[in-house]
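Here is a short round of questions and answers on one model. Keep the sequence and the 3D view at hand.

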Amino acid sequence: MTCSAWAGRFRVVAGVVPVFGLVFAGAVALFPGAGARAADDTPVEVQAVDALNQAFGVHPGLRANHAKGVVVEGSFTATPEAAGLSRAAHLQGRPVPVVVRFSDAGGLPGVPDGAPGNPHGMAVKFHLPDGSETDVLGVSLSKFPVSSVAEFRDLFLAVAATKPDSPQPTPIARFMASHPVAARALAVPPAVPASFASETYYGVNAFLLVGKDGHKQAIRYRLVPAAGDVHLDDATAARQAPDFLIDEIKTRLASAAGGAPVTMRLIAQLAEPGDPTADPAVNWPEDRKLVVLGEITLLHVAADSAAAEKPLLFLPDQLTDGIEASDDPMIDGRDGAYAESFSRRSH
Ligand code: HEM
């Protein structure tokens, strides 16, 4: 789908719900089973990538999801509190280099950065002193719509099956009707930020921080701008150029060289006993303790971002001693989907 076709589709009519760069008819009717697909032997994470390709098209060399993005380099320094929670090498206080990729969600390489309802991503790769890597990924959705890779697949199959002339109830309307958690999570589209570095990204899945004494604490990550969130009103957002977020971070970091750095805090939301760790669509209560693990200082955009993003593979389960996956099966499933997308985009 071209960008202008996308924009045309976006403007269709009032009362639509824009999500992930596409437009869903808002009116829902009870019609369970939307997006269901016949069982076959294809692993569900591969089916999820197939569904993304069906929804957004295949764009050779690009990611099946979060296709449009920009690579930024910087460094991370942990707080003393981080070492109290985890023995991980990058959480002991010595600065480590990081590579960050900011992105627009969805698989459309021409999606406007300010597309209403389209969340953004922030992926961070920490380069550890022993030469290994560990990753943290976040998305600017405070409520995640689905609990499993299978539901994610069904969401995007429903997106793919919904056409501007689909009769009501459309496949996506049926999906929303049969998945009230997704309908609630996506009811309020995320606001358009003034900058990739002025919105909060949620890690969604739970991980375990393992201390020097072996104590395990379940957490969910957040990546939060040190200067606070700044969002645009709808009229201002609508006036922005298609690449305004990518251009903004390039300009800001170029002028920040030697001046004010752009910082994002890595925060852990600490679970309390009984908080569910295996369902990423269930938020923990907002009064849970937040601990600042450290600060990411963004220094410069990669000299050739398009070349830099190709070999980059962020994996939710790329962990290091001192951090473990929780019992959330989505973590492993996402790893499989990202590897599948990487393999397709590397050929
Ligand atoms: C069932 C759930 C999910 C599936 C199947 C899925 C699938 C994918 C795929 C296929 C990619 C492209 C990977 C690549 O080619 O390198 C991707 C990228 C991404 N996903 Fe997910 N995703 C899921 C959930 C999430 C969640 C919960 C988050 C937030 C924590 C997230 C954040 C991201 C980000 C930030 C990127 C871009 C990474 C980059 O810049 O390279 N995703 N996702």
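Q: By class, which residues make up the shell around the ligand: how many are nonpolar, polar and charged?
A: The model is predicted. Glycine counts as polar in this tally. The shell around the ligand holds 4 charged residues, 10 polar ones and 19 nonpolar ones.

Q: Which residues come nearest to the ligand?
A: The ligand has 33 residues around it. Five of these come nearest: His66, Arg101, Gly121, Phe152 and Ser341.

Q: Which element gives the largest share of the shell around the ligand?
A: At least two shell residues each come from helix 2 (44-56), strand 4, strand 5, strand 6 (133-139), helix 4 (149-161) and helix 10 (329-345). The largest share is 8 residues, and its source is helix 10.

Q: Which element gives the most to the largest nonpolar core?
A: This core has 82 residues. Val100, Phe156 and Ile249 touch the most other members. With 8 residues, the top contributor is helix 4.

Q: Which residues does isoleucine 249 touch, leaving out those up to four places away in sequence?
A: Contact here requires C-beta atoms within 7 Å. By that test, isoleucine 249 touches Val70, Val72, Phe102, Ser195, Phe196, Ala197 and Val301.

Q: Is glycine 106 buried or exposed?
A: Glycine 106 sits in the loop between strand 4 (96-104) and strand 5 (120-127). A residue needs 20 or more other C-beta atoms within 10 Å to count as buried. Glycine 106 has 26, so it is buried.

Q: How far apart in space are glycine 106 and asparagine 118?
A: In sequence, glycine 106 and asparagine 118 are 12 residues apart. C-alpha to C-alpha, their separation in space is 7.9 Å.

Definitions and conventions:
Residues numbered from 1 in each chain as written. Predicted model: local features only at pLDDT ≥ 70, side-chain atom pairs only at ≥ 80, totals over all residues. Helix = DSSP H or I, 4+ residues; strand = E, 2+ residues; numbered from the N terminus. Buried ≥ 20, exposed ≤ 12 C-beta atoms within 10 Å, placed from the backbone. Near = placed C-beta within 6 Å. Core = buried A, V, L, I, M, F, W, Y, C linked by C-beta atoms within 7 Å. Contact = placed C-beta atoms within 7 Å.
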